[in-house]
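Work through the exercises below with the sequence and the structure side by side. Try each task before reading its solution.

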Amino acid sequence: LDEINIPAPARPPRPAAAPPPPAGYAGSKPPPALYFDVVRGDGQGRDDLLGRLDLSGASQLTFGRDASRVDIPLEHASVSRHHATMTFDGDAAYVSDIKSTHGTYLTKKGGEDGEKKITELTRMEEGDHIRFGESSRRYVFRKNAAAAAAANEPPPALTPTEVVVNLVVSEHA
């Protein structure tokens with residue numbers, strides 16, 4: 001008898017893994033109106049993003065090592081128990097050092113002026129970096145213009161028909 005070679009049935013190809021959703025994916029949570037990107041690195045584009053700290057809705061925040069008495073606890077040995085405060089006025093943010101031992105430092109966006117020790121109330125702009133004490137973590141101030149606009153957006157104007165309906169309803173209340 002002659003041997004007959006029958007090829008094995010071909011397996012259907014495996015479906016390719018689904019690509020990750022794009023950055024603006026509807027299922028991803030948008031960033032808050034005001035926040036810090038917490039990074040570790042050299043500030044020259046080789047930074048590791050460690051997390052995001054939501055600043056929205058606060059009127060004032062305190063930073064320091066004493067977790068029972070500050071709003072934002074920081075765990076570095078060079079950070080004072082009560083190290084710095086941030087004050088907010090709308091979408092403007094101001095930072096001040098509370099006479100900490102090792103200082104609070106600001107690097108303006110772009111870094112042209114270098115890192116400066118904060119000695120008075122200082123306004124922060126989008127992209128400015130804050131460093132507390134000798135910590136390698138930097139806090140990059142961010143503003144999400146779309147979220148800020150939505151939070152401050154006035155209610156939609158009523159049409160003349162809605163105004164009349166509202167007046168009639170309120171007269172019978």
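The exercises that follow deal with a predicted model and cover its sheet, its core and its salt bridges.

**Exercise 1. The open sheet**

Task: Find the order of the strands in the open sheet of six strands, and state which strands are at the edges.

Solution:
- Step 1. Read across the sheet: the order is β2-β1-β11-β10-β7-β8, and the pairing is antiparallel.
- Step 2. Look for strands that pair on one side only; these edge strands are β2 (48-54) and β8.
- Step 3. Compare the directions of neighbours: on average they are turned by 30° against each other, with direction ignored.

**Exercise 2. Strand β7 and its two partners**

Task: Describe how strand β7 pairs with β10 and with β8, and where the side chains of β7 point.

Solution:
- Step 1. Start with β10, residues 129-132: four bridges link this strand to β7 in the antiparallel sense. One residue to locate is Tyr-105, whose bridge partner in β10 is Arg-131.
- Step 2. Turn to β8, residues 115-117, which is antiparallel to β7 and joined to it by three bridges. Here Thr-107 stands opposite Glu-115.
- Step 3. Follow the side chains along β7, residues 104-107: Thr-104 and Leu-106 point one way, while Tyr-105 and Thr-107 point the other way.
- Step 4. Check burial with the cut-off of under 20% relative accessible area. All four of these β7 residues are buried.

**Exercise 3. The largest nonpolar core**

Task: Which residues of the largest nonpolar core touch the most other members, and which strands supply at least two residues each?

Solution:
- Step 1. Recall the general tendency: in soluble globular proteins, nonpolar side chains tend to be buried together.
- Step 2. List the members with the most contacts: of the 22 residues in this core, they are Phe-36, Leu-55, Phe-63, Met-86, Met-124, Ile-130 and Phe-132.
- Step 3. Assign the core to strands: β1 (34-40), β3 (60-64), β5 (84-89), β6 (92-97), β10 and β11 (137-143) each supply at least two residues.
- Step 4. Take Phe-132 as an example, leaving aside neighbours within four places in sequence. Its contacts include Phe-63, Leu-74, Val-79 and Tyr-139. Ser-78, His-83 and Thr-104 are also among the residues in contact with Phe-132.

**Exercise 4. Salt bridges around Asp-37**

Task: Which side chains form salt bridges with Asp-37, and why does each pair tie together parts apart in sequence?

Solution:
- Step 1. Note the total: the model has eight salt bridges.
- Step 2. Take the pair of Asp-37 and Arg-52, with N to O at 3.4 Å. Asp-37 belongs to β1 and Arg-52 to β2, so this pair ties together parts that are 15 residues apart in sequence.
- Step 3. Take Arg-142, whose closest N and O atoms with Asp-37 are 3.4 Å apart. Arg-142 lies in β11 and Asp-37 in β1, so the parts tied together are 105 residues apart in sequence.
- Step 4. Compare accessibility: Asp-37 is buried at 11%, Arg-52 is partly exposed at 47%, and Arg-142 is partly exposed at 26%.

**Exercise 5. A salt bridge between loops**

Task: Locate Lys-108 and Asp-128, and decide whether each is buried or partly exposed.

Solution:
- Step 1. Find the contact: the two side chains meet in a salt bridge of 2.8 Å, N to O.
- Step 2. Place the residues: Lys-108 is in the loop between β7 and β8, and Asp-128 is in the loop between β9 (122-124) and β10, so the bridge ties together parts 20 residues apart in sequence.
- Step 3. Read the accessibility: Lys-108 is partly exposed at 30%, whereas Asp-128 is buried at 1%.
- Step 4. Finish with shared partners: salt bridges join Asp-37, Arg-52, Glu-126 and Arg-142 into one network.

Terms used: Residues are numbered from 1 along each chain as its sequence is written. This is a predicted model: local features need pLDDT of at least 70, side-chain atom pairs count only at pLDDT 80 or more; totals for chains, interfaces and linings use all residues. Side-chain values use heavy atoms; hydrogens and water are left out. Buried means under 20% relative accessible area, exposed over 50%, partly exposed in between (1.4 Å probe, protein chains only). Two strands pair if DSSP finds at least two bridges between them. Axes are lines fitted to C-alpha atoms, for helices over the stretch in contact, and angles run from 0 to 180 degrees between N-to-C directions. A nonpolar core is a set of buried Ala, Val, Leu, Ile, Met, Phe, Trp, Tyr and Cys residues joined through side-chain atoms within 4.5 Å. Contact means heavy atoms within 4.5 Å. A salt bridge is a side-chain nitrogen of Lys or Arg within 4 Å of a carboxyl oxygen of Asp or Glu.
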